[in-house]
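Grab a pencil and work through these exercises with the structure open next to you. Each task comes with a solution that you can follow step by step.

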Amino acid sequence: MLFFNIEYSGFDLQGNRYSLKSEEAYFDELNPEIVYMRIVNATFYFKDGTTLYVKADDGIYNNKTLDMDFSGMLKSS
């Protein structure tokens, strides 16, 4: 099943805040904690005041371990 305009936000294991936004996403049927995303915008707010913006064509997010992987036309600032 395909989902549109999804957003995940929360805190990583070090207490830094993050936000993931995706135009399209679907769950892995065998491992529902794995989310495959297309057209991804991610923002990471680090405790030292640094903000990191990531734009990618594709992303994989594990909503249990909080692992993230981005690929395709990756841009960060």
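## Exercise 1: a pair of opposite charges

Asp 58 counts as partly exposed, with a relative accessibility of 27%; buried would be under 20% relative accessible area, exposed over 50%, and partly exposed is what lies in between (1.4 Å probe, protein chains only). Before you start: this is a predicted model, where local features need pLDDT of at least 70 and side-chain atom pairs count only at pLDDT 80 or more, while totals for chains, interfaces and linings use all residues. Residues are numbered from 1 along each chain as its sequence is written, and side-chain values use heavy atoms, leaving out hydrogens and water.

Task: find out which residue forms a salt bridge with Asp 58.

Solution. Step one is the criterion: a side-chain nitrogen of Lys or Arg within 4 Å of a carboxyl oxygen of Asp or Glu. Step two is the search, and the structure holds one such bridge. The partner of Asp 58 is Arg 38, with 3.0 Å between the closest N and O atoms. Step three places the two: Asp 58 is in strand β4 and Arg 38 in strand β3, so to speak distant parts of the chain, 20 residues apart; strands (E, at least two residues) and helices (H or I, at least four) are DSSP runs, numbered from the N terminus. Arg 38 is partly exposed too, at 40% relative accessible area.

## Exercise 2: aromatic rings

Task: work out how many aromatic pairs the structure has, and classify the pair of Tyr 8 and Tyr 61.

Solution. Start with the rule: rings of Phe, Tyr and Trp (its six-membered ring) pair if their centres lie within 6.5 Å, and planes under 30 degrees apart count as stacked, over 60 as edge-to-face and the rest as tilted. A search of the whole structure gives five pairs. For Tyr 8 and Tyr 61, the centres are 4.9 Å apart and the planes stand at 55°, so this pair is tilted. Tyr 8 belongs to strand β1 (residues 3-11) and Tyr 61 to strand β4 (residues 51-62), 53 residues apart. Both tyrosines are buried. Add Tyr 18, and Tyr 8, Tyr 18 and Tyr 61 make one aromatic cluster.

Now take Phe 44 and Phe 70: at 6.5 Å centre to centre and 75° between the planes, they are edge-to-face. Phe 44 sits in strand β3 (residues 34-45) and Phe 70 in strand β5 (residues 68-71), so the pair ties together parts 26 residues apart in sequence. Both of these phenylalanines are buried.

## Exercise 3: signs of phi

Task: look at Asn 5 and decide whether its phi is positive or negative.

Solution. First, the background: most residues other than glycine have a negative phi. Asn 5 has a positive one, about 50°, although it is not a glycine. Asn 5 lies in strand β1 and is exposed, at 64% relative accessible area. Ile 39 also has a positive phi, near 55°. Its place is strand β3, and at 32% relative accessibility Ile 39 is partly exposed.

## Exercise 4: neighbours of Asp 69

Task: name the residues that Asp 69 touches, not counting those up to four places away in sequence.

Solution. Contact means heavy atoms within 4.5 Å. Asp 69, found in strand β5, touches Asp 58, Gly 59 and Ile 60. Asp 69 counts as partly exposed, at 47% relative accessibility.
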